[in-house]
Amino acid sequence: MALRDDTLVQNRRGFLKSGAGLLAMTIMPSGLIVGNAWAQMPQSTDPDTFKTLVQMSRDCYPHAQIEDKYYANAVNILDEAARSSEEELAFLEDNCAKLDKAAMDAHGVRYSEIPSDDDRTALLKLIETDPFFQKVRGNLVVGLYNQKELWPVFGYEGASADKGGYMDRGFNDIDWIS
Amino acid sequence: MPAPFDHNDSNVVVIVGSGAGGGTLGSELAQKGIDVVILEAGSRHETWDFINDEWDSFGQLAWKDKRMTSGDWQVAKDFPNLPAWIVKSVGGSTVHWAGASLRFQEHEFKARTNYGEVEGANLLDWPIDLAEMEPWYAKAEDRMGVTRTNGIPGLPGNNNFKVLEAGAKKIGYKEVHTGRMAINSEPRDDRASCMQIGFCFQGCKSGAKWSTLVSEIPKGEATGRLEVRPDSHVMRIEHDDSGKVTGVVYADAEGREQRQKARVVCVAGNSIESPRLLLNSNSSMFPDGLANSSGQVGRNYMRHTTGSVYGVFDKPVHMYRGTTMAGIVQDEAKHDDSRGFVGGYELETLSLGLPFMAAFLMPGDWGRDFAADMEQYRNMAGLWIVGEDMPREDNRITLADETDEYGMPIPNVNFDDHPNDTAMRDHAYKQGSAIYDAVGAMRTIHTPPYPSTHNLGTNRMSERPEDGVVNRFGQAHDVPNLFVSDGSQFTTGAAENPTLTIVSLALRQADHIANRMGKGEL
Ligand SMILES: Cc1cc2nc3c(=O)[nH]c(=O)nc-3n(C[C@H](O)[C@H](O)[C@H](O)COP(=O)(O)OP(=O)(O)OC[C@H]3O[C@@H](n4cnc5c(N)ncnc54)[C@H](O)[C@@H]3O)c2cc1C
Ligand code: SF4
């Protein structure tokens, strides 16, 4: 289990406080993000940085059925924080640059262009205890998995009181157990 | 004089906290004709305010003030500033709770005698026993409308329960049923019956689930003798030269300091905040904190031995539909040290919604395997382990150097698992897996303990003043008009979920306080 450092602790507290939250996932057949579905989002980070963050997010929680834009929604939470804090912005830019450099050294391309899922995951493994990785990952717990549009992918139905609960909607409909 | 009460009214009983202990005590005292002010740190959210959304509800109800952790427990690594998952809102953690209402077993009141000396544990017998508690349990069960008592039928089993039941019976367990739950299986006590909504932890939107918010407090308020003052965070308890408490100092909604005088003060802030308040109420007369001549205030913190097992099947379960705690296996709740540990444990169904699953299934984990597990969400069945953990002197609440927004030191929760806890957890993980394997699980996942929902023992009850903080009625050994009225009085934790016992003790304490007041002794 990865250890948390102070930065993350602070960060997580911030999320918990706001009632927002923690982490998530993804993997396209190749696990590579395609295009830039988030082009319309206002961004403080450099487009390459944003792209690296989206790819990292997908690699943290790879779900083939989830489109890139949902990972981008999560990254946007980090980007938004960087809009009001130069320190945050520099943190993201510097660390993405570092990750891209590690990718260049090992594979001759940026992180988001490494074709093999295993190669990208191996690079993340090297930094998994770093505050930077933990921030990106921690952000997804809520930033990704709390996006309601994604719940059907997992078979979660969300709020039920407004529908009268599950009394007449299958609370005991299991048919394969005896 | 009817509520609301004046700050200088020194005739009122002041209760800190409106949860299982405080809310019940306040209501019962008011119904006995005694004037009561409950000071509650949280706001008042009613049934119609509750939100069927895990994170939004957490934001609305949970205690989120910063706390610190230390020790080798997994929670300190996974959630360093969130040692406990409990409520800051009128009704306390009974707004979150699942409703499982079990009596302690006879041997559990005498853990030291029955388990013997356990190295590294600070075991002690309760000064009371099951026979003495039985009438109070009966009264509490009636008040709370516990199923399978008082002729109230059990709740119907949901999908999650059906998987548990089939697996448990296959491996030979006998005591398997849909639990004793303080959730209406039929309309009772002006509350509707369960709609199987499935958001029991988020505050029941149908009112079927008992809580002090929907049940006790309104009854107390109807007498005109109970005032519940929300957004009132108590920081200090004051005393006079004779060593009797005289009132409390609290921060109101605007953060202004207020003082409420009192005839009697009862502390019921749950097992982290109650000792924090006593420790912070130190003075020249009580240099180590109020009621702490034994040095036991804050010590012996217990949280039950917990953990979850999720079975992953190849067909849908939809475990989140219907009551969260939908059934129980009780066969392992006995004391039988041939299993390699003392005390026992219960296995109870549990489900989390997808958002909490992401946070709690395997905190900190990432990558393809974790993602694949999450994709099996609809095919999962889940259970929660709740077993007796060992009180330890150094598992304790202390005051940290850091202070909160009111200048009150924040609490640190130190906890090391006792080898008995670990042995019990491992045994329960194995049995939980066996249950699901027996009905065809593809695999099972052993989830580490969540932040503590059961917090116990930090102002424990003892026969002798040197062994604990309060006597058999929850009255402080050192201060005659100071009581502890929540789960922090527990001498030991037993295998059962604690709330029925907290409520029973509160009803008994109300009786005691009213009698003593009637005789002019308080
Ligand atoms: C998700 C969840 C599920 C649970 N399920 C079950 C179950 O099925 N069965 C069971 O038996 N138990 C269950 N529990 C546990 C149960 O809720 C608690 O054991 C019980 O509510 C504790 O009662 P208490 O009086 O000690 O504290 P609480 O009910 O937590 O009440 C304490 C109150 O005091 C207030 N307070 C604290 N400090 C101050 C202060 N300084 N000034 C003013 N107010 C203060 C708090 O805001 C809170 O409202 C569950 C708990 C949770 C969180
Ligand atoms: S399942 Fe029953 S008790 Fe739980 S929230 Fe729904 S109606 Fe209330």
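**Exercise 1. The pairing of E14 and E15**

Find how many bridges join E14(B) to strand E15 of chain B in this predicted model, and say whether the two run parallel or antiparallel.

*Solution.* Start with the pair itself: E14(B) and strand E15 (residues 409-414) of chain B are joined by five bridges and run antiparallel. Next, pick out one position on the ladder: B:Arg396 has B:Asn414 opposite it in E15(B). Now widen the view to the sheet, which is open, has three strands in the order E3-E15-E14 (chain B), and shows mixed pairing. Strand E3 (68-70) and strand E14 (396-403) of chain B are its edges, each pairing on one side only. From one strand to the next, the twist averages 35°. Finally, look for the helix: H8(B) lies across E14 and E15 of chain B and runs at about 65° to E14(B).

**Exercise 2. A sheet of five strands**

Work out the strand order of the open five-stranded sheet in chain B, and then which strands are its edges.

*Solution.* Reading across the sheet gives E5-E2-E1-E9-E17 (chain B), with parallel pairing. The edge strands are strand E5 (226-229) and strand E17 (482-484) of chain B, since each pairs on one side only. Neighbouring strands here are turned by 20° against each other on average, ignoring direction. Step inside the sheet now: strand E1 (residues 13-16) and strand E9 (residues 264-267) of chain B run parallel and are joined by four bridges. On that ladder, B:Val14 has B:Val265 in E9(B) as its bridge partner. To finish, add the helix: H1(B) packs on the sheet, where it touches E1, strand E2 (36-39), E5 and E9 of chain B, and its direction makes about 165° with that of E2(B).

**Exercise 3. Two residues to classify**

Decide for B:Val12 and then for B:Asn379: is the residue buried or exposed?

*Solution.* Take B:Val12 first; its place is in the segment before E1 of chain B. Its relative accessible area is 0%, so B:Val12 is buried. Beyond its sequence neighbours up to four places away, B:Val12 touches, among others, B:Phe5, B:Asp35, B:Val37 and B:Val264. For a distance check, the C-alpha atoms of B:Val12 and B:Thr491 are 29 Å apart, with their positions 479 residues apart along the chain.

Turn to B:Asn379, which sits in the loop between helix H10 (368-375) and strand E13 (380-387) of chain B. The cut-off for buried is under 20%. B:Asn379 has a relative accessible area of 11%, so it is buried. With residues up to four places away left out, its contacts include B:Gly311, B:Phe313, B:Lys315 and B:Val317.

**Exercise 4. The cavities**

Say how many cavities of 30 Å³ or more the structure holds, then describe the lining of the largest cavity and of the second largest cavity.

*Solution.* The count is nine. The largest cavity has about 780 Å³ of space. Its lining has 49 residues, and B:Ile86, B:Gly92, B:Ser93, B:Asn270 and B:Thr453 lie nearest its centre. Helix H1 (20-31), strand E6 (233-239), helix H8 (270-280) and helix H12 (499-518) of chain B each give two or more residues to this lining. Sorted by class, the lining has 23 nonpolar, 21 polar and five charged residues.

Now repeat the steps for the second largest cavity, which has about 110 Å³ of space. Its lining has 14 residues, with B:Glu54, B:Gly198, B:Gln202, B:Leu352 and B:Gly353 nearest its centre. By class, these are eight nonpolar, five polar and one charged.

Definitions and conventions: Residues are numbered from 1 along each chain as its sequence is written. Chains are lettered from A and ligands numbered from 1 in the order in which they are written. This is a predicted model: local features need pLDDT of at least 70, side-chain atom pairs count only at pLDDT 80 or more; totals for chains, interfaces and linings use all residues. Side-chain values use heavy atoms; hydrogens and water are left out. On a 1 Å grid over the protein atoms alone, a cavity is a set of points where a 1.4 Å probe fits but cannot get out, and a pocket is an open set with protein on both sides within 12 Å along at least five of seven lines; lining residues have an atom within 4 Å of a point. Grid points are joined across faces, edges and corners, and a volume is the space filled by probe spheres set on the points. Ala, Val, Leu, Ile, Met, Phe, Trp, Tyr, Cys and Pro count as nonpolar, Asp, Glu, Lys and Arg as charged, and the others, Gly among them, as polar. Buried means under 20% relative accessible area, exposed over 50%, partly exposed in between (1.4 Å probe, protein chains only). Contact means heavy atoms within 4.5 Å. Two strands pair if DSSP finds at least two bridges between them. Axes are lines fitted to C-alpha atoms, for helices over the stretch in contact, and angles run from 0 to 180 degrees between N-to-C directions.
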